[in-house]
Amino acid sequence: MQSSKTMPEAMIFDLDGVITDTAKYHFLAWKRLSDELGFSFTEQDNERLKGVSRIGSFEIILEINGASDRYSKAEKEALADRKNTYYREFVETITKQDILPGVMALLNKAKKAGIPCAVASISKNAPRILERLEIGDCFDYIADAAAVKKPKPDPEIFLNCAQALHALPQNCVAFEDAQAGIEAIHAANMASVGIGVAVTTIPPDLALRNTAELDFDAIVDFYAARQNKRREEDSGR
Ligand code: B16
Ligand code: MG
């Protein structure tokens, strides 16, 4: 008789929108830059920036404003750097009170169950944010965003985390709030848990409204059911 549950080999977490809500600070910083440049930029536009790299985000704002050809590469980088200066001012106000509900309980239970955890954020500010949240010790690995060549929806950052944790991608569960992130998780052949994903062209395997709905046992059950289904499909082939 098999008494133990099928456990994921690793859990991989996006940062912005999953561990803490920095999207509002990204919005305010881009809005400040947009106002300075005379561009329109709304909270709805900001949804398109979630999970997208810094320079990729600025290119979306330029596209929205029909200004894609206005700046040279160096000018774009300088303006994106200016936005980052504004963003860093907000980052310095973050405290551990800003960890989203449900996250600490999940991490603690994963640790107790011996499941290694990683952070897969493409934010170059991730190490500082984790420091401000005093949560860095909860993770066995934090991907180096500066070393990631292909941003989400490419699976690179998730595969990098799985490799670092010595886990097979198909045996990992990954958590994301952005459509680009869900696509990256699926491309990595991992099970996806979506947290309030706004655009659902590719729905997550398990869709939650917010992090308060994160529940360790429910996630393990979801993972075990998914693995069983996969095994059945493989044996039926
Ligand atoms: P930075 P994640 C992403 O973080 C954000 O969702 C996205 O809006 C941001 O542009 C990107 O990080 C880059 O951030 O400018 O700090 O390097 O969702 O991958 O944790
Ligand atoms: Mg995110």
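This is a short dialogue on reading a ligand site and a two-domain layout in a predicted model.

Q: Let's start with the chain. Into which domains is the chain divided?

A: There's domain 1 (2-21 + 98-235) and domain 2 (23-91). Domain 1 is written as two stretches of sequence, 2-21 and 98-235.

Q: How far apart are the centres of domain 1 and domain 2, and how many residues are in contact?

A: Taken over C-alpha atoms, the centres are separated by 27 Å. As for the interface, 13 residues of domain 1 touch 14 residues of domain 2, with contact meaning heavy atoms within 4.5 Å.

Q: Now the ligand. Which domains does the shell around ligand 1 draw on?

A: Domain 1 and domain 2 each supply at least three residues to that shell.

Q: Which residues come nearest, and how does the shell split by class?

A: A shell like this counts residues with a heavy atom within 4 Å. Here there are 18 residues around ligand 1, with Val-52, Arg-54, Ser-121, Ser-123 and Asn-125 coming nearest. By class, you get 5 nonpolar, 7 polar and 6 charged residues.

Q: What about polar contacts: which atoms lie by an oxygen atom of ligand 1?

A: For these, look for N or O pairs within 3.5 Å. Leu-49 has a backbone N or O atom 3.1 Å from a ligand 1 oxygen, and Leu-15 has a backbone N or O atom at 3.4 Å from one. With Ser-57, an N or O atom of the side chain is 3.4 Å from an oxygen of ligand 1.

Q: How much of ligand 1 does the protein cover?

A: On its own, ligand 1 has 470 Å² of accessible area, and the protein covers 99% of that. The space ligand 1 takes up is also the largest pocket.

Notes
Residues are numbered from 1 along each chain as its sequence is written. Chains are lettered from A and ligands numbered from 1 in the order in which they are written. This is a predicted model: local features need pLDDT of at least 70, side-chain atom pairs count only at pLDDT 80 or more; totals for chains, interfaces and linings use all residues. Side-chain values use heavy atoms; hydrogens and water are left out. A polar contact is a pair of N or O atoms within 3.5 Å; within protein, one must be able to donate a hydrogen and the other to accept it, and residues adjacent in sequence count only if both atoms are side-chain atoms. Accessible areas come from the Shrake-Rupley method with a 1.4 Å probe; for residues, only the protein chains shown count as cover. On a 1 Å grid over the protein atoms alone, a cavity is a set of points where a 1.4 Å probe fits but cannot get out, and a pocket is an open set with protein on both sides within 12 Å along at least five of seven lines; lining residues have an atom within 4 Å of a point. A molecule sits in a cavity or pocket if more than half of its atoms lie within 2 Å of its grid points. Ala, Val, Leu, Ile, Met, Phe, Trp, Tyr, Cys and Pro count as nonpolar, Asp, Glu, Lys and Arg as charged, and the others, Gly among them, as polar. Domain bounds come from an automatic or database domain assignment.
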